[in-house]
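Thanks, everyone. I have one structure for today, and I will go from single residues out to the whole chain. Here it is.

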Amino acid sequence: MRMIPNNSGPGARVEDFDLRQPLSAEDFRTILRALGRYGVLCFPGQDLDAPQLAAYAGRFGTLEVNVANLFHAEGLPEIMHLSNMRDAAGKPLGLSDAGQGWHTDMSYSQDIALANVLHAKRVPMRDGRPLGDTQFLDMHAAYEELPAEVKQRLEGRVAVHDFEKFWDVMRMRPGSIRGPLTEAQKAKKPPVRQPIFRVHPVTGRRVLYCNPGYAMRIEGLEPAESDAMLAFLFLHQMQARFLYSHHWTPGDVLMWDNIATIHNAVADYGADEPRFILRAQVMASLDYAALAA
Ligand code: OGA
Ligand code: MN
């Protein structure tokens, strides 16, 4: 396999490697370390079906099964379908508005995710250019470049993350089919506490683990100070030098670090510009420090 880092910002391409093959212990370790180092890995030119994607992603940890998710591969609830397409009867083929807003997958959950693995089958195109980029910001760099007094002020502190925050933002978007969360749904996803800085298990370096999608407030600060500090962090982490915007090509497998990046799906395509993506969420269920050593 050939690893080609992007020219600027996070991310690398991994070429000449077929993800259908069983992953050797050595290749597993190489990919895990690259995930920590680069944050986003693109494996171009892949052709995986849902079970093959589940087999690859499942090597890195337990795959999330979203019981409420209607859109998944047949017989494989751990492989979600992201799509704006509909079948002949007009029934949606996938979740059409996933990730439209900066966030980290699963930060609203006590058990966090290691990585998300997406495999593009169809990419919306206009005038020969791909639409529907997925954008990433590097939270290793964002932590490192925080002012020393902010690092000190927030060390050991916790932010409360709430699933409902992002849900309600998505609901406000024009054309959203999301209803308000029911009391039963809210009870299943209560707010959780997350450290604002965590040590990345693969790199051993600190990351800023805080995102505008889910983080509500910082515990132990007055509301006004908490609001001001979160506003500062959200602005700080948004800087262009931390950014990589992935332009999709069908066949891409994109694997991103859900501890050290935040991401955003760009909703710049229409209903007649089809997008179809397979998705596997890898929970941080293994001892990655040991596996990467
Ligand atoms: C996700 C997500 C982004 C995209 O699947 O968690 O944020 O571009 N997807 O589809
Ligand atoms: Mn996401």
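I start with M106, which sits in the loop between β5 and β6. Please keep in mind that this is a predicted model. Phi of M106 is near 70 degrees, a positive value in a residue that is not glycine. Is M106 buried or exposed? Its relative accessible area is 7%, so M106 is buried.

S107 is in that loop too, the one between β5 (76–83) and β6 (113–122). S107 has 0% relative accessibility and therefore counts as buried, the cut-off being under 20%. What does S107 touch, once residues up to four places away in sequence are set aside? The list is H161, V192, Q194, Y209, N211 and Y214.

There is another positive phi to look at, in D16. Phi of D16 is near 60 degrees, and again the residue is not a glycine. D16 belongs to the loop between β2 (12–15) and α1. At 60% relative accessibility, D16 counts as exposed, because the cut-off for that class is over 50%. To put the two residues side by side: M106 is buried, whereas D16 is exposed.

Now the interior. In soluble globular proteins, nonpolar side chains tend to be buried together. Here, the largest nonpolar core has 65 residues, and F43 and F60 are the ones with the most contacts inside it. Which helix gives the most to this core? That is α1, residues 25–38, with 6 residues.

Take F43 by itself. Not counting residues up to four places away in sequence, F43 touches V14, F17, L19, I31 and Y56, and also G251, D252, V253 and M255. Apart from the core of F43 lies another one, of 13 residues; M80, L82, F136 and W248 are among them.

Next, the region towards the end of the chain. L286 is in the loop between β18 (276–283) and α8 (288–292). Its relative accessibility is 37%, so L286 counts as partly exposed. Leaving aside neighbours within four places in sequence, L286 is in contact with R59, F60, G61 and L291. F60 came up a moment ago, as one of the residues with the most contacts inside the largest core. How far apart are L286 and P44? In sequence they are 242 residues apart, and in space 26 Å, C-alpha to C-alpha.

That leaves the chain as a whole. The protein chain has 8 helices and 18 strands. Its radius of gyration is 19 Å, close to the 19 Å that the globule rule gives for 293 residues, so the chain is as compact as a globular protein of that length. The C-alpha atoms fill a box of roughly 55 × 45 × 35 Å along the principal axes.

On contacts, I count pairs of residues at least 6 apart in sequence; 80% of those contacts join residues at least 24 apart. Buried residues make up 51% of the 293 residues.

As for the surface, the protein chain exposes about 13,600 Å², and carbon and sulfur atoms supply 53% of that. Last, the charges: there are 31 positive and 35 negative ones, and their mean positions are 1 Å apart.

I will stop there and take questions.

Terms used: Residues are numbered from 1 along each chain as its sequence is written. Chains are lettered from A and ligands numbered from 1 in the order in which they are written. Side-chain values use heavy atoms; hydrogens and water are left out. Helices (H or I, at least four residues) and strands (E, at least two) are DSSP runs, numbered from the N terminus. The radius of gyration is taken over C-alpha atoms; the globule rule is 2.2 Å times the number of residues to the power 0.38. Buried means under 20% relative accessible area, exposed over 50%, partly exposed in between (1.4 Å probe, protein chains only). Contact means heavy atoms within 4.5 Å. Accessible areas come from the Shrake-Rupley method with a 1.4 Å probe; for residues, only the protein chains shown count as cover. Lys and Arg count as positive and Asp and Glu as negative; His and the chain ends are not counted. The place of a charge is taken as NZ of Lys, CZ of Arg, CG of Asp or CD of Glu. A nonpolar core is a set of buried Ala, Val, Leu, Ile, Met, Phe, Trp, Tyr and Cys residues joined through side-chain atoms within 4.5 Å.
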